[in-house]
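Okay, thanks for coming, everyone. I'll put the structure up on the screen, and then I'd like to walk you through a few spots in it.

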Amino acid sequence: MVKTDFSPIADTTRRAEIVALLRRAILTGQLEPGQKLNELRISEQMRVSRAPLREAMRELVQEGLLASIPYAGTFVVDVTAKDIDDAYSLNKVLDEFAIERTWPLRDQRFFDEIDRRHEAVKQATRALDTTRQIETALQLHGLIYEWADNSVLLETWQRLTSRLQMYFALHLHARNEPVPVEDMHETYVRLMKGKDMRAAQRYAREHIDIDFEELLAYARGLEQRESKGAKADRAGRNNNV
């Protein structure tokens, strides 16, 4: 298991800072899918009490990055190929609907905002900041949901984003790079500011599919590795009987 060290936090009441550190550890792969969080060790490294740490962990459970299992502990969520397929296929449908709803509502404020968010993605990409790049990319894609004037659609997107955060991070691990080597959103932004809604919808689907099979293969590899590890553990226990 990967050894993870956390830097101390000066103010023990700053739950948001604890959340940010844990999220970064998950999205950079320091905390791996399925890994159990050692509350005592993390609290000692951060120099915070267990109470704010647990509050931060509960927040990440609500976001979907952590899973709390009664009598077992809190774990980074496991990721399967099916999980990824389910999320990405839903994302395609939601994007198409969100673009259709947003299209007649676009105005100069929309164009200015999509440019601003796109610039934030490019800045994070240049800085090789994995967590920030993922966050800003999701904020860029989230604009159509915020603009669509459909509260249920927005709530669904917000629930989906935590899973997409994890999958985007896994994608970077699969490609063995801190952030994408180049900006992937130039065409997306240009089409979202253009006049052809169908072209924008089509490209959104294609954008989601970029390297999708590579990510699925990586997830399947993780599943196989975990399955082999579980078999080895059972064999070891049987030998010790």
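Let's start in a loop, the one between helix H5, residues 108–126, and helix H6, residues 130–147: that's where Leu 128 sits. The backbone there does something you may want to look at, since Leu 128 has a positive phi of about 55 degrees although it is not a glycine. And is Leu 128 buried or exposed? It counts as exposed, because its relative accessibility is 53% and the cut-off for exposed is over 50%.

Before I go on, a word on what you're looking at: this is a predicted model. Mean pLDDT for the protein is 86, with 88% of the residues at 70 or more. The stretch to leave alone is 237–241, where pLDDT stays under 50. In the model, those residues make 0 contacts beyond four places in sequence. As a rule, where pLDDT is low, the predicted coordinates should not be read in detail.

Now the overall layout. We have 10 helices and 2 strands, and along the sequence the pattern goes α-α-α-β-β-α-α-α-α-α-α-α. There are 241 residues, and 44% of them count as buried. If you take the contacts with a separation of 6 or more, 76% of them are between residues 24 or more positions apart. For the surface people, the protein exposes about 13200 Å², and carbon and sulfur atoms supply 49% of that.

Back to H5, the helix that leads into our loop. Its 19 residues should span 27 Å at 1.5 Å a residue, and the end C-alpha atoms are indeed 27 Å apart, so the two agree. Which residues of H5 are buried? There's a mixed list: Phe 110, Phe 111, Glu 113, Ile 114, Arg 117, His 118, Ala 120, Val 121, Ala 124 and Thr 125. What they pack against is helix H4, residues 81–102, along with H6 and helix H8, residues 186–192.

Some of those names come back when we look at Met 192. Leaving out residues up to four places away in sequence, Met 192 touches Ile 99, Trp 103, Arg 106, Phe 110, Phe 111, Ile 114, Ile 144 and Ala 200. Met 192 is also among the residues with the most contacts inside the largest nonpolar core, together with Leu 22, Ile 84, Tyr 88 and Tyr 167. How many residues does that core have? It has 65. The helix that gives the most to it is H7, residues 151–175, with 9 residues. For background, in soluble globular proteins nonpolar side chains tend to be buried together.

Tyr 88 turns up again from the other direction, through Ile 208. Ile 208 is in helix H9, residues 197–209, and it counts as buried at 9% relative accessibility. With residues up to four places away in sequence left out, Ile 208 touches Tyr 88, Asn 91, Lys 92 and Asp 95. Ile 208 and Asn 91 are 117 residues apart along the chain, and their C-alpha atoms are separated by 7.9 Å.

Over to the other end of the sequence, and helix H3, residues 50–63. It has 14 residues and reaches 20 Å from first C-alpha to last, close to the 20 Å expected. Its buried residues are Pro 52, Leu 53, Ala 56, Met 57 and Leu 60. Looking down the axis of H3, these fall within an arc of 140 degrees, so they line one face of the helix. The face turned away from that buried side carries the exposed residues Arg 58 and Gln 62. And what covers the buried residues of H3? The cover includes helix H1 (15–27), helix H2 (39–46), strand S1 (66–69) and strand S2 (73–76).

H2 has a residue I'd like to show you: Met 46 is in that helix, and it is buried with a relative accessible area of 0%. Its C-alpha is 8.2 Å from that of Ile 18, and the two residues are 28 apart along the chain.

Last stop, more phi angles. Just after H3, Gly 64 takes a positive phi of about 100 degrees. Then, in the loop between S1 and S2, you find Tyr 71. Tyr 71 is not a glycine, but its phi is positive too, about 65 degrees. With 90% relative accessibility, Tyr 71 counts as exposed. Okay, questions?

Definitions and conventions: Residues numbered from 1 in each chain as written. Predicted model: local features only at pLDDT ≥ 70, side-chain atom pairs only at ≥ 80, totals over all residues. Heavy atoms only, no water. Helix = DSSP H or I, 4+ residues; strand = E, 2+ residues; numbered from the N terminus. Expected span 1.5 Å × (residues − 1). Buried < 20%, exposed > 50% of the residue type's maximum accessible area, 1.4 Å probe, protein only. Arc of directions from axis to C-beta. Contact = heavy atoms within 4.5 Å. pLDDT = per-residue confidence, 0-100. Core = buried A, V, L, I, M, F, W, Y, C linked by side-chain atoms within 4.5 Å. Areas by Shrake-Rupley, 256 points an atom, 1.4 Å probe, with all protein chains shown as cover.
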